[in-house]
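Thank you all for coming. I would like to walk through one chain this morning, going from its charged pairs to its interior and then to its surface.

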Amino acid sequence: MRIGFGSDRTGFECKQRLLARFSARGHVVENVSTGTFGQSDCHDLADHLASAIYAGRFDRGVLVCSSAIGASVSANKHPGVRAALCHDLYSARHGVEDDGMNCLVMGACVVTPDLACELTDAFLDASYSPRV
């Protein structure tokens with residue numbers, strides 16, 4: 001699976017851990033963060049990642065930023081992107097299975113790095129099952 005990862009300053013360490021974890025599992029991963037953190041970096045980052053998902057560059061995206069609310073809202077403004085803020089395993093899994101979520105957004109001030117790994121596992125292991 002091709003996965004785009006991004007973070008602001010607060011989620012940087014967590015994102016680095018996720019990049020290493022999923023690269024080691026054989027996924028094609030890419031860091032879309034610029035490395036220069038500005039005032040509106042989360043919105044810009046969400047726009048950049050969402051555009052790449054829409055263009056087909058990534059199958060799924062993962063964002064880790066301070067509160068993650070703005071990033072989730074920004075990503076959802078793009079056609080074909082279904083981003084959701086998730087802090088529990090049920091939502092991360094069922095967001096994909098029930099609603100075709102293709103962008104996981106997590107608040108770095110809310111989740112621990114271990115929980116972020118579990119949430120991303122659930123998100124990436126789930127498959128969308130369209131209703132007939």
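Let me begin with a question: is Arg 21 buried, partly exposed or exposed? The relative accessibility of Arg 21 is 27%, and for that reason Arg 21 counts as partly exposed. Please keep in mind throughout that this is a predicted model.

Arg 21 makes a salt bridge with Asp 121, in which the closest N and O atoms lie 2.6 Å apart. That pair links distant parts of the chain, since Arg 21 sits in helix H1 and Asp 121 in helix H5, 100 residues apart. Asp 121 itself is buried, because its relative accessible area is 15%, and buried here means under 20%.

Asp 121 also forms a salt bridge with Arg 25, again with 2.6 Å between the closest N and O atoms. Arg 25 belongs to the loop between H1 and strand S2 (28–31) while Asp 121 is in helix H5, so this pair ties together parts that are 96 residues apart in sequence. With a relative accessible area of 47%, Arg 25 is partly exposed. Through shared partners, then, Arg 21, Arg 25 and Asp 121 are joined by salt bridges into one network.

The count of salt bridges comes to five, and one more of them deserves a mention, namely that of Arg 17 with Asp 114, where the closest N and O atoms are 2.5 Å apart. Arg 17 is in helix H1 and Asp 114 in helix H5, so parts 97 residues apart in sequence are tied together by this pair. Both partners count as partly exposed, Arg 17 at 37% relative accessible area and Asp 114 at 45%.

Let me turn to the interior. The largest nonpolar core has 22 residues, and those that touch the most other members are Phe 5, Leu 18, Val 62, Leu 104, Met 106 and Phe 123. At least two residues of this core come from each of strand S1 (2–7), helix H1 (12–24), strand S3 (60–65), helix H4 (89–99), strand S5 (103–107) and helix H5 (113–125). The most is given by H5, which supplies six residues. There is also a second, separate core of 18 residues, which includes Ala 50, Phe 58, Cys 65 and Ala 68.

To look at one core residue in detail, Phe 123 has contacts, beyond four places away in sequence, that include Val 62, Ala 92, Val 96, Met 101 and Leu 104. Leu 124, also in helix H5, is buried, with a relative accessible area of 6%, and on the same basis touches Met 1, Ile 3, Phe 22 and Arg 60.

A search of the whole structure gives one aromatic pair. The ring centres of Phe 5 and Phe 22 are 6.2 Å apart and the planes meet at 20°, so the pair is stacked. Since Phe 5 lies in strand S1 and Phe 22 in helix H1, the pair ties together parts 17 residues apart in sequence. Phe 5 counts as buried at 0% relative accessibility, as does Phe 22 at 2%.

Finally, the surface. Ile 69, Val 73 and Leu 85 make a nonpolar surface patch of about 250 Å². Leu 85 is placed in strand S4 (residues 83–85), and its relative accessibility of 35% makes Leu 85 partly exposed.

Technical notes: Residues numbered from 1 in each chain as written. Predicted model: local features only at pLDDT ≥ 70, side-chain atom pairs only at ≥ 80, totals over all residues. Heavy atoms only, no water. Patch = residues over 30% accessible without salt bridge, like charges linked within 9 Å, V, L, I, M, F, W, Y side chains within 5 Å. Areas by Shrake-Rupley, 256 points an atom, 1.4 Å probe, with all protein chains shown as cover. Salt bridge = Lys/Arg side-chain N within 4 Å of Asp/Glu carboxyl O. Helix = DSSP H or I, 4+ residues; strand = E, 2+ residues; numbered from the N terminus. Buried < 20%, exposed > 50% of the residue type's maximum accessible area, 1.4 Å probe, protein only. Core = buried A, V, L, I, M, F, W, Y, C linked by side-chain atoms within 4.5 Å. Contact = heavy atoms within 4.5 Å. Phe/Tyr/Trp six-rings, centres within 6.5 Å; stacked < 30°, edge-to-face > 60°.
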